[in-house]
Amino acid sequence: MLAYFLAFAISLPFLMEASRNYKKYKYRPYVKADSNQTGLKQINSYENRRNYRLKYLFFFLMAFLPPFFISAVRYGVGTDYFFTYVPGFNSILNGKPYYTEWGFNTLNVIIQWFTNDSQWLFVVTSAIFFVVVLRTIIHYSQISVLSLSILFLSCIYFWSLNNIRQALAVVIVFAGYPYLVNGKFFKYSLCILAGSLFHISAFIMLLPYILVHIKFIRQNFLPFIIIFLLLLPVISKILEYSLSGTKYAYYFNDGFNNGSHGKLNILYNAVFTVLTYYILRKYYRKDNSAYVLLMMQYLSLWISLCCLFINIPELIGRLLMYTQIFQVLLIPYCCNKIEDHSNRVGFIVFYIILYIAYLVYTVVLRGNYEVLPYTWIFGNKL
C-alpha cells in the first residue's frame, strides 16, 4: 500500500500546479490592441497564454508519471493480470482473437507490432487510463487535488488495476461529462462508442443521458427518487433477466452469489446521496452540472441497492463504477457550494474517513482485486 500512497502523494502538488496553469491558460482573456496601442499588450497576452500552456503540460506530465509508473511496472498485481490479460495477449499473438470487443483486440495487435512482451499491454493501458482521467479532473474539477484523492480512496483506482478493459471504458465515458451536462448527444455518444470498443457495457451510460434530459424528472426529482426506489424490486428483476441474455450471464452461476460486502456500498452511497442532495437542493434545477452530478450519485445508490435482490457483488460493482466515478467531480463541487468553512472541512473529513474505512476493509483486509502486496516487474523479471 505504501507504493500506491507515495505515488499519489507525489502527484498531488504537481496536479495542483497543472490545474492552476490550465485555468490561467484557458480562461485568461486576450488583451486586444486598439488604434492608440502598438500591439504590445496583445503580443504579451499570446505569450502569456503560451507560457501557461507549457507550464500546464509540464506539470501534467509530472503529475502523470508517479501513478502511471506504479501501474505500468506492476507484476502479477490484479486478479485478472495472469487470469485474463496475459493469456489474452498470448492468444492474440497466436492469431486467435480473445475478446468480444474489437478495440481491445486491436490494441493488443498494435502493441505486438513492436514487442511480444505482454507487460507492455499494462504500460499502454495505464498510460491511457491516467491521461484520460487526469485530463478530465484538471479540466472539470473545482478542486483537482481532492478529486485525485477521491480516485484513490474510493477504490476506483484499485478496481482499475484488475478490470482493465472496463476501467478504460469508464474513464472514456467519464471524459464525456461536459457533453452530458450541455446536452451534446452526438459528442457524448462518440465517447460511449469509444468506450464500448474496450468494454461493451459502456452503452448502459445512454440511460443517464436520457434521464438527465427529461425535463419532467428534473422538475420532480424528489418524487422520481421515491418512485424509482419503490420500483427497485421489479426493475432489478428486469435487469437480471436482461443481463442473463448477455455475456454477463455467467455471473448468475452459484459461484458468484457468495458475497455480502456489496451491501456496504448501500451505506456510503445512501449517506452521500442524502448529503449531496441537501447541499445541492437549491442549485440543481438551474445548474446543469449540479443536476448531472446529483443524478449520478442517485444512480450509484440505486445500483448499489440492487444487491438486495441480485446478490452478486462483482456484477453490481462493475455497473456501479460507471456512475460512482462521478464522485470525483461531485464532492469538490459540493465543497464549493458549502459557504461555511468549518462545514466544508467537516464534509471533506467525513468523506475521507468513511472511504478510508471502506478502502481498508475491502482492499487490505478482504484482499479485493488482489492488488496487495504490490510487486513490480523489476523484482520479478530481472
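How much space lies in the largest cavity? I looked this up first, keeping in mind that the model is predicted. The largest cavity holds about 90 Å³ of space. I searched the whole structure for cavities of 30 Å³ or more, and one came up.

**Entry: the cavity lining**

I listed the residues that line the largest cavity. They are Ser71, Arg74, Thr125, Ser126, Phe129, Phe130, Ser160, Leu161, Ile164, Ala167 and Leu168. I then sorted the lining by element. Helix H5 (119-140), helix H7 (156-162) and H8 each give at least two residues to the lining. H5 supplies the largest share, four residues.

**Entry: the chain overall**

I counted secondary structure next. The chain has 19 helices and zero strands. I noted that 51% of the 382 residues count as buried. The exposed surface of the chain comes to about 18200 Å², and 66% of it is supplied by carbon and sulfur atoms. I also checked sequence separation in the contacts. Among contacts with a separation of 6 or more, 77% join residues 24 or more positions apart.

**Entry: helix H8**

H8 had already turned up in the cavity lining, and I went back to it for burial. Helix H8 covers residues 164-174, and 11 of its 11 residues are buried. The buried set includes Arg165 and Gln166, along with Ile164, Ala167 and Phe174.

I picked Ala169 in helix H8 for a closer look. Ala169 counts as buried because its relative accessibility is 0%. Which residues does Ala169 touch, not counting residues up to four places away in sequence? I found Gly195, Phe198, His199, Ala202 and Tyr322. I took the C-alpha distance for one of these pairs. Ala169 and His199 are 30 residues apart in sequence, and their C-alpha atoms are 5.8 Å apart in space.

**Entry: the nonpolar core**

I turned to the largest nonpolar core, which has 124 residues. Tyr4, Phe158 and Met295 touch the most other members. Helix H16 (residues 288-305) contributes the largest share of this core, 13 residues. In soluble globular proteins, nonpolar side chains tend to be buried together.

I followed Met295 outward. With neighbours within four places in sequence left aside, Met295 is in contact with Leu211, Val212, Ile217, Phe221 and Phe224.

I then looked from the other end, at Phe224, which lies in helix H13 (residues 221-230). Phe224 has a relative accessible area of 12%, so this residue is buried; the cut-off is under 20%. Apart from neighbours within four places in sequence, the contacts of Phe224 are Leu211, Ile217, Met295 and Tyr298. Leu211 and Ile217 appear in the contact lists of both Met295 and Phe224.

**Entry: cysteines**

How many disulfides does the structure hold? I found zero. A disulfide is a covalent bond between the sulfur atoms of two cysteines.

Why is Cys334 not bonded to Cys335? Cys335 has the cysteine sulfur closest to that of Cys334, but the two are 7.2 Å apart, too far for a bond. The cut-off is 2.5 Å between sulfur atoms. I repeated the search from Cys335, and the closest cysteine sulfur is in Cys334, at 7.2 Å. I checked burial as well. Cys334 is buried, at a relative accessible area of 0%, and Cys335 is buried too, with a value of 0%.

I looked at Cys155 for its backbone. Cys155 sits in the loop between helix H6 (144-153) and H7. Its phi is near 75°, a positive value in a residue other than glycine. Is Cys155 buried or exposed? Cys155 counts as buried, because its relative accessibility is 1%.

**Entry: the segment after H19**

I ended with the segment after helix H19 (341-365), where Pro373 lies. The peptide bond from Leu372 to Pro373 is cis, with omega near -5°. Glu370 also lies in the segment after H19. I recorded a positive phi of about 50° for Glu370, although this residue is not a glycine. Glu370 is partly exposed, with a relative accessible area of 46%, whereas Cys155, with its positive phi, is buried.

Note on methods. Residues are numbered from 1 along each chain as its sequence is written. This is a predicted model: local features need pLDDT of at least 70, side-chain atom pairs count only at pLDDT 80 or more; totals for chains, interfaces and linings use all residues. Side-chain values use heavy atoms; hydrogens and water are left out. A nonpolar core is a set of buried Ala, Val, Leu, Ile, Met, Phe, Trp, Tyr and Cys residues joined through side-chain atoms within 4.5 Å. Buried means under 20% relative accessible area, exposed over 50%, partly exposed in between (1.4 Å probe, protein chains only). Contact means heavy atoms within 4.5 Å. Accessible areas come from the Shrake-Rupley method with a 1.4 Å probe; for residues, only the protein chains shown count as cover. On a 1 Å grid over the protein atoms alone, a cavity is a set of points where a 1.4 Å probe fits but cannot get out, and a pocket is an open set with protein on both sides within 12 Å along at least five of seven lines; lining residues have an atom within 4 Å of a point. Grid points are joined across faces, edges and corners, and a volume is the space filled by probe spheres set on the points.
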